[in-house]
Amino acid sequence: MIREAGLKLTRPRASILAVLESSQKKHLSAEDVFQVLTQQGQQIGFGTVYRVLTQFESAGIVKRHNFEEGHAVFELHQENHHDHLVCLRCGQVKEFFDEKIENCQDQIAEKMGFAIIDHSHVIYGYCSDPECTEK
Ligand SMILES: [Zn+2]
Ligand SMILES: [Zn+2]
């Protein structure tokens, strides 16, 4: 995936991609990735993690979201479009896709003479997870 995206395969890049691919959590901050690498005993600095994630973003391997101000999370780029629900208490992110909402957006854009390239739809609130606590 790294070479296909036109990037040279380096050890940090391969390790960081492996973290993204194997993580249960699909929306990871640079800190999250750094923590996993450190737990694995890999010596990759935080600056490198951040730089590689930004390179991945430019190469289209990951998508960056700024759900909360000053806090970017990255997820592997997926073929299937989806939107997000973000819990303001525990920070958990859920994904959803709704045909009706998608169609509605298309119709609105058409009415306004707008060609859609991309959109993101984020719903903020509080989840009902019993383990939901303040981060
Ligand atoms: Zn997502
Ligand atoms: Zn929550």
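**Notes on a two-domain protein model**

1. Start with the split: the domain assignment divides the protein into domain 1, residues 11–76, and domain 2, residues 83–125. Keep in mind as you read that this is a predicted model. The centres of the two domains, taken over C-alpha atoms, are 24 Å apart.

2. Now for the overall layout. The protein has 4 helices and 5 strands. Walk along from the N terminus and the order reads α-α-α-β-β-β-β-α-β. Along its principal axes, the C-alpha atoms fill a box of roughly 50 × 40 × 25 Å.

3. How much of the protein counts as buried? Out of 135 residues, the figure is 28%. As for contacts between residues at least 6 apart in sequence, 50% of them join residues at least 24 apart.

4. Next, have a look at where the two domains meet. Domain 1 puts 7 residues into the contact, and domain 2 also puts in 7 residues. Between them they bury about 640 Å², with carbon and sulfur atoms giving 54% of that area. On the domain 1 side, three names are worth marking on your picture: His27, Phe67 and Glu68 supply 70% of the area that domain 1 buries against domain 2, more than any other three residues do.

5. What about charges and polar groups across this boundary? There are 2 salt bridges between domain 1 and domain 2. Elsewhere in your viewer, try finding the salt bridge in which the side chains of Lys63 and Asp118 meet, at 3.6 Å from N to O. Counting residue pairs in polar contact between the domains, with both partners at pLDDT 80 or more, gives 5.

6. Which element gives the largest share of the domain 1 side of the contact? That would be strand 1 (residues 62–68), with 4 residues. Sorted by type, the residues on this side of domain 1 come out as 1 nonpolar, 3 polar and 3 charged.

7. Finally, zoom in on Ser29. You'll find Ser29 in the loop between helix 1 (11–22) and helix 2 (30–39). Is Ser29 buried or exposed? Ser29 counts as buried because its relative accessibility is 2%, and the cut-off for buried is under 20%. The side chain of Ser29 makes a polar contact with the side chain of Glu31, at 3.2 Å. Leaving aside residues up to four places away in sequence, Ser29 touches His71, Ala72 and Val73.

Technical notes
Residues numbered from 1 in each chain as written. Chains lettered and ligands numbered in written order. Heavy atoms only, no water. Domains from an automatic or database assignment. Contact = heavy atoms within 4.5 Å. Buried area = accessible area lost by both parts, 1.4 Å probe. Salt bridge = Lys/Arg side-chain N within 4 Å of Asp/Glu carboxyl O. Polar contact = N/O pair within 3.5 Å; in protein donor to acceptor, adjacent residues only side chain to side chain. Helix = DSSP H or I, 4+ residues; strand = E, 2+ residues; numbered from the N terminus. Nonpolar A, V, L, I, M, F, W, Y, C, P; charged D, E, K, R; others polar. Buried < 20%, exposed > 50% of the residue type's maximum accessible area, 1.4 Å probe, protein only.
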